[in-house]
Amino acid sequence: MTENGRRSHRRASAIGAVPAVEKGAANGVATLDTAGKVAAAQASAAIVEKTAAYTIALTDAGKLIALTADTALTVTVPANSAAAFPIGTEIELAQLGAGAVTVAAADGVTVHSLDSSVKLAGQYAAACLKKIAADTWLLGGALE
C-alpha cells in the first residue's frame with residue numbers, strides 16, 4: 001500500500017525479479033515446476049551411483065553418491081591441487097549395497113570426524129563430506 005492507501009503495482013523488473021532467460025542457468029538461479037519446487041534436473045541432491053572404489057570429482061559437488069557394491073570399497077577425497085572444490089562444498093554418501101564403505105584422504109588431505117571414524121556404519125547408512133579449508137574436510141553422519 002502507498003501512503004494514500006492505494007495499492008502500489010510494481011513491475012517485476014522493478015523489484016529485482018530474475019528474467020526468465022537467467023532461470024536454470026549456470027548463475028545458480030533455479031526454475032520452479034508447477035508445484036513451486038526446484039526442477040529435478042536442478043536439484044542439489046542429484047544421485048550418482050558408484051559400484052567400485054571412487055575418487056570424488058568436481059562434478060559430485062552437491063550430489064548424493066550412492067555406493068551400491070556388494071564388496072568393500074573406498075571413497076577417496078582428492079587433494080585441492082587435483083580438484084579445487086570451493087570451501088563449503090558438500091557431498092553426500094550413502095551405502096546402499098552390502099559392501100563396507102570407507103572414506104580415505106589423499107596425500108595432504110585431512111578428513112576430520114567424530115572419534116576419527118571414516119567407515120559408514122552399514123547398509124543404508126549415510127554421511128556428508130563438507131570442505132572446510134583448502135585440504136580439510138569434515139565427515140559426519142552414520143559412521144563407525
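**Exercise 1. The aromatic pair**

Find how many aromatic pairs a search of this whole predicted structure gives, and work out which parts of the chain are tied together.

*Solution.* Start with the count: searching the whole structure turns up one aromatic pair. Its members are Phe85 and Trp137, with ring centres 5.3 Å apart and planes at 85°. Planes over 60 degrees apart count as edge-to-face, so that is the label for Phe85 and Trp137. Next, place the two residues: Phe85 belongs to the loop between strand 4 and strand 5, while Trp137 sits in strand 9 (residues 136-141). The pair therefore links parts that lie 52 residues apart in sequence. Finally, check the surroundings: Phe85 and Trp137 are both buried.

**Exercise 2. The loop after strand 4**

Decide whether Pro86 and Thr89 are buried or exposed, then look for a polar link between Pro86 and Thr89.

*Solution.* Begin with location. Pro86 is in the loop that runs between strand 4 (73-77) and strand 5 (90-95), and Thr89 is found in the loop between strand 4 and strand 5 too. Now apply the cut-offs, under 20% for buried and over 50% for exposed. Pro86 has 53% relative accessibility, so Pro86 counts as exposed. Thr89 has a relative accessible area of 9%, so Thr89 is buried. For the link, look at the backbone oxygen of Pro86: a polar atom of the Thr89 side chain lies 2.6 Å from it.

Ala61 is worth a look here as well. Pro86 and Ala61 are separated by 25 residues in sequence, with a C-alpha to C-alpha distance of 9.1 Å. Thr89 is in contact with Ala61, and beyond its neighbours within four places in sequence it also contacts Leu129, Lys130, Lys131 and Trp137.

**Exercise 3. Strand 4 and its sheet**

Work out the strand order of the open three-stranded sheet, and say which side chains of strand 4 are buried.

*Solution.* Take the pairings one at a time. Strand 2 (residues 54-55) runs parallel to strand 4 and is joined to it by two bridges; here Tyr54 has Val75 as its bridge partner. Strand 4 is also parallel to strand 6 (residues 101-105), with five bridges between them. On that side, Thr76 is partnered by Ala104, and Val77 stands opposite Ala105. Put together, the open sheet has the order 2-4-6 with parallel pairing. Strand 2 and strand 6 are at the edges with a single partner strand each, so one side of each has no neighbour in the sheet.

Now follow the side chains of strand 4, which alternate. Leu73, Val75 and Val77 are buried and point to one face, whereas Thr74 and Thr76 point to the other face and are not buried.

**Exercise 4. The largest nonpolar core**

Identify which residues touch the most other members of the largest nonpolar core, and which strand gives the most to this core.

*Solution.* The core holds 23 residues, and those touching the most other members are Ile56, Val77, Leu93, Leu129 and Trp137. Next, sort by strand: strand 3 (64-67), strand 4, strand 5, strand 6, strand 8 and strand 9 each supply at least two residues. Strand 4 gives the most, with three residues. To finish, take Ile56 as a case: setting aside its neighbours within four places in sequence, its contacts include Val75 and Val77 in strand 4, as well as Phe85 and Trp137, the two members of the aromatic pair from the opening exercise.

Terms used:
Residues numbered from 1 in each chain as written. Predicted model: local features only at pLDDT ≥ 70, side-chain atom pairs only at ≥ 80, totals over all residues. Heavy atoms only, no water. Buried < 20%, exposed > 50% of the residue type's maximum accessible area, 1.4 Å probe, protein only. Pairing = 2+ DSSP bridges. Phe/Tyr/Trp six-rings, centres within 6.5 Å; stacked < 30°, edge-to-face > 60°. Polar contact = N/O pair within 3.5 Å; in protein donor to acceptor, adjacent residues only side chain to side chain. Contact = heavy atoms within 4.5 Å. Core = buried A, V, L, I, M, F, W, Y, C linked by side-chain atoms within 4.5 Å.
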